[in-house]
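Colleague: Please take a close look at a single strand for me, starting from one residue on it and working outwards to whatever that strand packs against. I would like the reasoning spelled out as you go.

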Amino acid sequence: MDNNNWPESGDFVVCTVKNVVDFGAYTTLEEYGGKEGFIHISEIKAGWVKYVRDYVREGQKIVCKVLDVDPTRRHIDLSLKDVNEHQKRAKIQDWKNEQKAEKWLQFVAEDTKTSPKKMEEVRSILMEEFGSCYTGFEEAAISGKEAFEGIDISKKLAEKIVEIAQENIKLPFVDIAGYVDLTSNNPDGIEIIKKALKAASKIKEEEVRINITYTGAPRYRIKIIAPDYKTAESVLKKASEKAIDYIEKKGGKGIFHRHIESSKA
């Protein structure tokens with residue numbers, strides 16, 4: 001993985017406990033190339049902790065919340081106590097899904113005889129376009145080759161991704177979409193919009209996927225894949241409100257559209 005790839009404060013990360021000491025625990029971050037993180041004893045659990053080993057042990061897989069990141073010092077502060085059971089289960093599932101997707105990408109490479117360098121480009125495209133490799137495969141399972149329209153992935157690779165996705169992914173029951181128009185006149189308006197969309201994508205609900213794509217200034221499509229319509233509508237509402245709330249707090253404007261007329265779609 002890219003050595004310059006770092007988590008952000010507030011992210012949930014999967015860690016392996018590397019070394020337990022009297023004042024905390026050192027970990028490696030599974031999704032960030034094994035970068036080292038540290039959990040201070042005060043962040044192990046709420047209340048007083050006498051022995052850190054009563055709560056974590058070497059080799060254990062845990063989910064932590066990122067408190068602070070300092071790339072210049074290559075230091076990441078983590079919290080174990082700030083992760084509840086729902087967040088832990090959701091993060092572990094996301095991590096397992098990404099591991100599946102990585103294996104499927106290997107199958108794609110082998111079947112199409114694609115070089116590791118090219119497959120790394122494909123992986124980066126999936127991450128950029130869909131937010132994760134697994135979501136890219138999930139979209140392929142749902143939409144087929146249409147999932148890759150306008151994306152720089154060859155027809156041969158797209159067809160193989162679709163084939164493997166449809167063989168391996170059990171599709172959720174429903175998918176719905178809405179649109180948000182986000183505008184900002186600030187000098188860093190593009191970054192503000194990106195962060196607004198990231199806030200929307202972080203809405204977590206069990207067995208629900210959120211996919212956000214750009215459809216043309218200033219419109220972004222929020223697609224929800226869920227087991228039922230009630231859940232899908234609820235998550236769509238929460239995600240759009242998150243994006244709009246964030247951008248309005250930064251002085252921009254946000255408007256939600258549940259349906260878009262075909263002439264504007």
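**A strand and its surroundings**

Modeller: Leaving aside its neighbours within four places in sequence, Thr215 is in contact with Tyr179, Tyr220 and Arg221. Please keep in mind throughout that this is a predicted model. Thr215 is found in strand S7, and because its relative accessibility is 40%, it counts as partly exposed. Of its contacts, Tyr179 is 36 residues away from Thr215 in sequence, while the two C-alpha atoms are 9.1 Å apart in space.

From Thr215 we can turn to what the strand helps to cover. Strand S7 (209–216) is among the elements that cover the buried residues of helix H2, together with helix H1 (85–112), helix H3 (133–143) and helix H4 (155–168). S7 is also among those that cover the buried residues of helix H5, a list that includes strand S6 (174–183), strand S8 (219–226) and helix H6 (229–249).

Let us take H5 before H2. Helix H5 has 13 residues (residues 189–201), which at 1.5 Å a residue should span 18 Å, and its end C-alpha atoms are indeed 18 Å apart, so expectation and model agree. Its buried residues are Gly189, Ile192, Ile193, Ala196, Leu197 and Ala200. Seen down the axis of H5, these buried residues fall within an arc of 135°, and they therefore line one face of the helix. The spacing behind such a pattern is a general one: an α-helix has 3.6 residues a turn, so residues three or four places apart point the same way. The face of H5 turned away from its buried side carries Ile190 and Lys194, both of them exposed.

Helix H2 can be read by the same steps. Its 15 residues (residues 116–130) should span 21 Å at 1.5 Å a residue, and the distance between its end C-alpha atoms is 21 Å, which agrees. The residues of H2 that are buried are Met119, Val122, Arg123, Ile125, Leu126 and Phe130. Viewed down the axis of H2, the buried residues fall within an arc of 160°, so that they line one face of this helix. On the other side of H2 we find Lys117 and Glu128, which are exposed. Just after H2, Gly131 takes a positive phi of about 90°.

Two of the helices that help to cover H2, namely H1 and H3, also supply the partners of an aromatic pair, one of the 6 that a search of the whole structure finds. The rings of Trp104 and Phe137 have their centres 5.3 Å apart and their planes at 65°, an angle over 60 degrees, so the pair is edge-to-face. Since Trp104 lies in helix H1 and Phe137 in helix H3, the pair ties together parts that are 33 residues apart in sequence. Both Trp104 and Phe137 are buried.

To draw this together, the strand that holds Thr215 helps to cover the buried residues of H2 and, likewise, those of H5. In H2 the buried residues line one face of the helix, and in H5 they also line one face.

Conventions:
Residues are numbered from 1 along each chain as its sequence is written. This is a predicted model: local features need pLDDT of at least 70, side-chain atom pairs count only at pLDDT 80 or more; totals for chains, interfaces and linings use all residues. Side-chain values use heavy atoms; hydrogens and water are left out. Helices (H or I, at least four residues) and strands (E, at least two) are DSSP runs, numbered from the N terminus. The expected span of a helix is 1.5 Å times one less than its number of residues. Buried means under 20% relative accessible area, exposed over 50%, partly exposed in between (1.4 Å probe, protein chains only). The arc is that of the directions from the helix axis to the C-beta atoms. Contact means heavy atoms within 4.5 Å. Rings of Phe, Tyr and Trp (its six-membered ring) pair if their centres lie within 6.5 Å; planes under 30 degrees apart count as stacked, over 60 as edge-to-face and the rest as tilted.
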